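I opened this notebook to record what I looked up in one structure. The entries follow the order in which I worked.

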Amino acid sequence: MKQPKGFEDDTHPDHVYKLKKAIYGLKQALWQWFNTFSKFLCTLGFISGKVDSSLFVLHKGNVHLYTVIYVDDILITGNDSSMIATVLSQLQNKFDMKNLGMASSFLGIHISSVNNTYVLSQTNYAASILNMAGMTNCKALANPSCTKVQDHSNEETLPTDPKLCRQLTGSLQYLTITRPDISFAVNLLCQHMHNSNPQHFYLLYRLLCYIKGTLSLGLHILQGPMELHSYSDVNLAGDKETQRSTSGYCTFLGNTFISGASKSSTL
């Protein structure tokens, strides 16, 4: 390491700057911040998750704490409020942090609590997608998709800009975090993002109309038995275009939906 040309110090030609604080914009800044923060969490007794490296878990006797990190947004929860306060105090002593209190929003996901039930929703994000498509005043529909698609190529209301359709489809993928009811319809659109035709434009238009009428929908986290249940299904050669089969599963912890996925494959 040496001094850059044009910025040499004649008095101390062998000295270099030591970076004490990560700077936004540097490619290494995010990694260095995560590395520094995660190492400090480990000194407090947290363990990094095996599946999700941004999730840190602390189990000490009957105390269970969970911390999620996304860049400089941090969410901490657990079953012991005094232990949470202790961890927050230790973090604030080490880093320049601000405690925002009870979580009401995280990464665009609104968090509300009603009668010991948590509701995760993306109402504002869904509204921004409709605004992007110019469909804030569209007519709401009751279903996100349809089994038979008729010819709608002459309708002027359909979004026909391929670039805009790709942007809308990509935005809808993030909406599926709290809206598993649109996962199938979004997955179908994603398969044709780069070769969309009037049929796919109509399916996108229909999906946006469905979202218009269901802006307040979200995931409900309910109290109940901690029993894990999984359900799966398969549609053999159900895709009329590719003759592929579609399989999927969903997992519930008690009465709360926690994960799900679907994929197409050949037999």
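The entries below concern a predicted model and cover its salt bridge, cores, pocket and cavities.

**Entry 1: salt bridge**

I searched the whole structure for salt bridges and found 1. The partners are Arg179 and Asp181, whose side chains meet at 3.0 Å, N to O. I then asked how each partner stands towards the surface. Arg179 has a relative accessible area of 2%, so I entered this residue as buried. Asp181 reaches 34% relative accessibility and therefore counts as partly exposed.

**Entry 2: nonpolar cores**

I next looked up the largest nonpolar core, which has 25 residues. Leu172, Leu207, Leu208 and Ile211 are the residues with the most contacts inside this core. Four elements give two or more residues to the core: helix 3 (123–133), helix 4 (162–175), helix 5 (183–190) and helix 6 (198–213). Which helix gives the most to this core? I noted helix 6, with 10 residues.

I followed Leu207 further, leaving aside its neighbours within four places in sequence. Leu207 is in contact with Pro144, Leu172, Ile182, Ala185, Val186 and Leu189. I also recorded a second, separate core of 16 residues, with Phe37, Val63, Ile69 and Ile76 included. As a general remark, nonpolar side chains in soluble globular proteins tend to be buried together.

**Entry 3: second largest pocket**

I turned to the second largest pocket, which holds about 1200 Å³ of space. Its lining comprises 41 residues, and those closest to the centre are Phe184, Asn187, Leu188, Gln191 and Thr246. The elements that give two or more residues to this lining are helix 5, helix 6, strand 9 (228–235), strand 10 (245–253) and strand 11 (256–265). Sorted by class, the lining of this pocket has 19 polar, 15 nonpolar and 7 charged residues.

**Entry 4: cavities**

How many cavities of 30 Å³ or more are there? I counted 2.

The largest cavity has a volume of about 60 Å³. I listed its lining as Cys165, Arg166, Thr169, Leu189, Met193, Ser196, His200, Phe201 and Leu204. Helix 4 and helix 6 are the elements that give two or more residues to this lining. By class, the lining of the largest cavity divides into 5 nonpolar, 3 polar and 1 charged.

The second largest cavity contains about 30 Å³ of space. Pro144, Ser145, Ala185, Leu188, Leu189, Leu203 and Leu207 line this cavity. The elements that give two or more residues to its lining are helix 5 and helix 6, and helix 5 gives the most, with 3 residues. I found 6 nonpolar residues, 1 polar residue and no charged residues in this lining.

I then compared my lists. Leu189 appears in the lining of the largest cavity and in that of the second largest cavity. Leu207, noted above for its contacts inside the largest core, lines the second largest cavity. Leu188 also lines that cavity and was recorded among the residues closest to the centre of the second largest pocket.

**Entry 5: Ser121**

My last entry concerns Ser121, which I placed in strand 7 (residues 117–121). Is Ser121 buried or exposed? The relative accessible area is 7%, so I entered Ser121 as buried, the cut-off being under 20%. Leaving aside its neighbours within four places in sequence, I listed Gly108, Ile109, His110, Thr178, Leu217 and Gly218 as the residues in contact with Ser121.

How values were computed:
Residues are numbered from 1 along each chain as its sequence is written. This is a predicted model: local features need pLDDT of at least 70, side-chain atom pairs count only at pLDDT 80 or more; totals for chains, interfaces and linings use all residues. Side-chain values use heavy atoms; hydrogens and water are left out. A salt bridge is a side-chain nitrogen of Lys or Arg within 4 Å of a carboxyl oxygen of Asp or Glu. Buried means under 20% relative accessible area, exposed over 50%, partly exposed in between (1.4 Å probe, protein chains only). A nonpolar core is a set of buried Ala, Val, Leu, Ile, Met, Phe, Trp, Tyr and Cys residues joined through side-chain atoms within 4.5 Å. Contact means heavy atoms within 4.5 Å. On a 1 Å grid over the protein atoms alone, a cavity is a set of points where a 1.4 Å probe fits but cannot get out, and a pocket is an open set with protein on both sides within 12 Å along at least five of seven lines; lining residues have an atom within 4 Å of a point. Grid points are joined across faces, edges and corners, and a volume is the space filled by probe spheres set on the points. Ala, Val, Leu, Ile, Met, Phe, Trp, Tyr, Cys and Pro count as nonpolar, Asp, Glu, Lys and Arg as charged, and the others, Gly among them, as polar.
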